[in-house]
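Student: I have a model to go through. Can we work on its charged side chains and a few other residues?

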Amino acid sequence: MKVYKNDDNAIIINAIKHGDDAVIKAFYKKHLPRIISYVLKNSGETEDARDIFQDAMVLVFEKIKANKLQINCALGTYVYGICKYLWLNRLRRMGKTEINDAAFVKLEDPISNAEEMIDKAEKKSLIQKYLLKLGTGCQEILLMFFGGYSLREIAKEKDFTEGYTRKRKFACQKQLMKLTANDPVFKEFKIASNY
């Protein structure tokens, strides 16, 4: 059994931070076949595996860029765990729940907060999808609000009264929630949160 070294992670993380394509490509070449194998053994296709791997890498890149990646296992193992979780979620949404877990090598180190991170990313993606369907005015107000602006700051920026801004934000949020409420992914989140 190969024991990972923190130096291995540091090299890869540093390469990602600095856009070192050679190291990133080597990481893809080393770890993508394992993901393809897992997905193929669990009702998927090679393209599904590539999509899942890319989604996992985007999540990892975002965490690295924000200096929020804290793991106690090899980065490849961490990415594999994220891919497995993403694929299981996709299968569950498609109504295919039989999983060949023999294809999954148990992790010795837990993947810290991976499920929570993925759920947040999926929720964020869902909100962004429907945010784009709102009018420009609502998009601007909600993006500012989600970006941390106070109602007072939004009112000043948009040259509105604070009372009008509050009403407008509430109406925009209500419209956004109405759009997302009928989405099957949103319904899946509601069901999962009841467990």
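Tutor: This is a predicted model. Start with a network of salt bridges that links Arg152, Glu162 and Arg166.

Student: How far apart are the closest N and O atoms of Arg166 and Glu162?

Tutor: A salt bridge needs a side-chain nitrogen of Lys or Arg within 4 Å of a carboxyl oxygen of Asp or Glu. Arg166 and Glu162 form one. Their closest N and O atoms are apart by 3.7 Å.

Student: Which helix holds Arg166 and Glu162, about one helical turn apart?

Tutor: The two residues are four apart in sequence, so about one helical turn separates them. The helix spans residues 162–181. It is helix α8.

Student: Is Glu162 buried, partly exposed or exposed?

Tutor: Buried means under 20% relative accessible area, and exposed means over 50%. Glu162 has 29%, so Glu162 falls in between. Its partner Arg166, at 44%, is partly exposed. Glu162 is likewise partly exposed.

Student: Stay in helix α8. Is Thr180 buried or exposed?

Tutor: Thr180 lies in helix α8. Its relative accessible area is 1%. The cut-off for buried is under 20%, so Thr180 is buried.

Student: Which residue has its backbone oxygen 3.1 Å from a polar side-chain atom of Thr180?

Tutor: The side chain of Thr180 supplies one polar atom of the pair. The other atom is a backbone oxygen, 3.1 Å away. That oxygen belongs to Met177.

Student: How many salt bridges does the structure hold?

Tutor: Arg166 with Glu162 is one salt bridge. Glu47 with Arg50 is another, with closest N and O atoms 3.6 Å apart. The structure's total is five.

Student: Why are Glu47 and Arg50 separated by about one helical turn?

Tutor: Both sit in helix α3, residues 46–65. Arg50 is partly exposed, at 39% relative accessible area. The separation is about one helical turn because the two are three residues apart in helix α3.

Student: Asp48 forms a salt bridge with Arg90. How many residues apart are they?

Tutor: Their closest N and O atoms are 3.7 Å apart. The pair links distant parts of the chain: Asp48 is in helix α3, Arg90 in helix α4. Arg90 is partly exposed, at 24%. In sequence, Asp48 and Arg90 are apart by 42 residues.

Student: What is the C-alpha to C-alpha distance between Ala26 and Ile12?

Tutor: Ala26 is in helix α2, residues 21–40. Its relative accessibility is 45%, so Ala26 counts as partly exposed. Ala26 and Ile12 are 14 residues apart in sequence. In space, C-alpha to C-alpha, the distance is 9.6 Å.

Definitions and conventions: Residues are numbered from 1 along each chain as its sequence is written. This is a predicted model: local features need pLDDT of at least 70, side-chain atom pairs count only at pLDDT 80 or more; totals for chains, interfaces and linings use all residues. Side-chain values use heavy atoms; hydrogens and water are left out. Buried means under 20% relative accessible area, exposed over 50%, partly exposed in between (1.4 Å probe, protein chains only). A polar contact is a pair of N or O atoms within 3.5 Å; within protein, one must be able to donate a hydrogen and the other to accept it, and residues adjacent in sequence count only if both atoms are side-chain atoms.
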